[in-house]
Amino acid sequence: MPGKTIFQKIIDREIPADIVFEDEHCLAFRDVNPQAPTHVLVIPKRAIPSLDAVVDSDQTLLGHLATVIPTLARQLGLSDGYRVVINCGPAAGQTVDHLHLHVMGGRPLDWPPG
Ligand code: AMP
């Protein structure tokens, strides 16, 4: 299928990724360009281009992503806390048009972000 995003290719196992969690609805893998000692991306298997594209029928899926994250954070040893980021649109730095939640931790995280 032409026009697949890089994350769709990871879901389809066409390119490798360091997968740390998977279930029926989502996949989590380490960011290839980590911005913190632990930096994982959580993505839905169903392709949603961005947070700006979500609709009412996505509520259960988005809730699922949110509930996966604390379990994942414990698995990753992020006991001191972590940050969850969704970049939405070009002005926010979104570079891959497949909804993804950044989960970052393992160092103090400044606020506000850049
Ligand atoms: P964003 O800028 O919010 O769209 O985030 C996209 C993220 O995907 C960036 O942090 C990239 O480093 C990461 N990324 C891009 N390609 C890959 C890949 N093949 N495997 C893992 N992470 C990737």
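By a polar contact I will mean a pair of N or O atoms within 3.5 Å of each other, and I ask you to keep that cut-off in mind while we look at how the ligand is held in this model, which is a predicted one.

Let me start with those contacts. On the side-chain part, an N or O atom of N87 is 2.8 Å from an oxygen atom of the ligand, which falls inside the cut-off. The backbone also takes part: an N or O atom in the backbone of G93 lies 2.7 Å from a ligand oxygen, and for T95 a backbone N or O atom is found 2.6 Å from an oxygen atom of the ligand. Taken on its own, the ligand has 500 Å² of accessible area, and the protein covers 83% of that.

Which residues are the closest around the ligand? They are D31, G93, T95, H100 and H102, out of 16 residues that surround the ligand. Sorted by class, this shell has seven nonpolar residues, seven polar ones and two charged ones. Helix α1 gives the largest share of the shell, three residues, and both α1 and β2 supply at least two residues each.

Now to the space itself, since the ligand takes up the largest pocket of the model. That pocket has a volume of about 640 Å³. It is lined by 31 residues, and those closest to its centre are D31, Q35, H39, N87 and H102. The elements that give two or more residues to this lining are α1, spanning 6-11, together with the strands β2 at 26-30, β3 at 38-44, β4 at 83-85 and β5 at 101-105. As for chemical class, the lining divides into 16 nonpolar, nine polar and six charged residues.

Before I stop, two points about the backbone that you may want to look at on the screen. Most residues other than glycine have a negative phi, and most peptide bonds are trans. Against that background, R13 has a positive phi of about 60° although it is not a glycine, and R13 is located in the loop that runs between α1 and β1, the latter being 19-22. The other point concerns the peptide bond from W111 to P112, which is cis, with omega near 0°; P112 belongs to the segment after β5.

Terms used. Residues are numbered from 1 along each chain as its sequence is written. This is a predicted model: local features need pLDDT of at least 70, side-chain atom pairs count only at pLDDT 80 or more; totals for chains, interfaces and linings use all residues. Side-chain values use heavy atoms; hydrogens and water are left out. On a 1 Å grid over the protein atoms alone, a cavity is a set of points where a 1.4 Å probe fits but cannot get out, and a pocket is an open set with protein on both sides within 12 Å along at least five of seven lines; lining residues have an atom within 4 Å of a point. Grid points are joined across faces, edges and corners, and a volume is the space filled by probe spheres set on the points. Helices (H or I, at least four residues) and strands (E, at least two) are DSSP runs, numbered from the N terminus. Ala, Val, Leu, Ile, Met, Phe, Trp, Tyr, Cys and Pro count as nonpolar, Asp, Glu, Lys and Arg as charged, and the others, Gly among them, as polar. A residue is near a molecule or strand if one of its heavy atoms lies within 4 Å of it. A polar contact is a pair of N or O atoms within 3.5 Å; within protein, one must be able to donate a hydrogen and the other to accept it, and residues adjacent in sequence count only if both atoms are side-chain atoms. Accessible areas come from the Shrake-Rupley method with a 1.4 Å probe; for residues, only the protein chains shown count as cover. A molecule sits in a cavity or pocket if more than half of its atoms lie within 2 Å of its grid points.
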